[in-house]
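Reader: Could you walk me through this one before I go back to the bench? I would like to start with how the pieces pack and then look at a few residues.

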Amino acid sequence: LGLLLGCFGLGSVLGSFVLGRLYQRLSRSQVIDLANVVHGLAVLGLAVSATVGVSALATFAAGLAWTSITTSVNIVA
């Protein structure tokens with residue numbers, strides 16, 4: 001559990017660095033839509049995963065998407 005939470009945290013921190021580049025290419029609405037799809041796929045991947053590596057990658061992607069969604073919604077609000 002600690003490894004997966006660490007991957008989620010690492011994904012969210014790295015997501016904050018990637019977010020600026022995403023805003024240069026996509027609108028805030030498109031970033032939110034893309035992040036929702038990534039988060040959904042990450043949760044699905046975590047649900048069906050049988051290995052720690054795939055689970056770690058899924059939680060990393062979920063963390064990245066979570067930061068993108070949270071930040072984008074807060075900026076729009």
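Author: What follows is a short conversation about helix packing, a surface patch and some single residues. Please keep in mind that this is a predicted model.

Reader: Fine. At what angle do helix α2 and helix α3 pack?

Author: Helix α2, which covers residues 28-48, and helix α3, which covers residues 52-76, pack at an angle of about 155°, and their axes are 8 Å apart. Angles over 145 degrees count as roughly antiparallel, and α2 and α3 are therefore roughly antiparallel to each other.

Reader: And is the crossing of α2 and α3 left-handed or right-handed?

Author: The crossing in which α2 passes α3 is left-handed.

Reader: What about α1 and α3, how do their axes cross?

Author: The axes of α1 and α3 cross at roughly 45° and come within 6 Å, and the two helices are therefore oblique to each other. In this pair, α1 passes α3 in a right-handed crossing.

Reader: Changing topic: which residues make the nonpolar surface patch?

Author: The patch is made by L10, V13, L14, F17 and V18, and its area is about 440 Å².

Reader: Take V18 from that list. Where does V18 lie, and why does V18 count as partly exposed?

Author: V18 lies in helix α1, which spans residues 2-25. Its relative accessibility is 31%, so V18 counts as partly exposed, given that this class sits between the buried limit of under 20% and the exposed limit of over 50%.

Reader: Back to α3, then. Is A62 buried or exposed?

Author: A62, which is found in helix α3, has a relative accessible area of 8% and is therefore buried. Along the chain A62 and S12 are 50 residues apart, and their C-alpha atoms are separated by 8.0 Å.

Reader: I75 is in that helix too, I think. What is the relative accessible area of I75?

Author: Yes, I75 lies in helix α3, and with a relative accessible area of 43% I75 is partly exposed. Its C-alpha atom is separated by 26 Å from that of G6, a residue 69 positions away along the chain.

Reader: One last residue, A47: which helix holds it, and is A47 buried or exposed?

Author: A47 is found in helix α2, and because its relative accessible area is 64%, A47 is exposed. The C-alpha atoms of A47 and A58 are separated by 9.4 Å, with the two residues 11 apart along the chain.

Note on methods
Residues numbered from 1 in each chain as written. Predicted model: local features only at pLDDT ≥ 70, side-chain atom pairs only at ≥ 80, totals over all residues. Heavy atoms only, no water. Patch = residues over 30% accessible without salt bridge, like charges linked within 9 Å, V, L, I, M, F, W, Y side chains within 5 Å. Areas by Shrake-Rupley, 256 points an atom, 1.4 Å probe, with all protein chains shown as cover. Salt bridge = Lys/Arg side-chain N within 4 Å of Asp/Glu carboxyl O. Helix = DSSP H or I, 4+ residues; strand = E, 2+ residues; numbered from the N terminus. Buried < 20%, exposed > 50% of the residue type's maximum accessible area, 1.4 Å probe, protein only. Axes fitted to C-alpha atoms, helices over the stretch in contact; angles between N-to-C directions. Parallel < 35°, antiparallel > 145°, perpendicular 65-115°, else oblique. Left-handed = near helix turned anticlockwise from the far one by under 90°.
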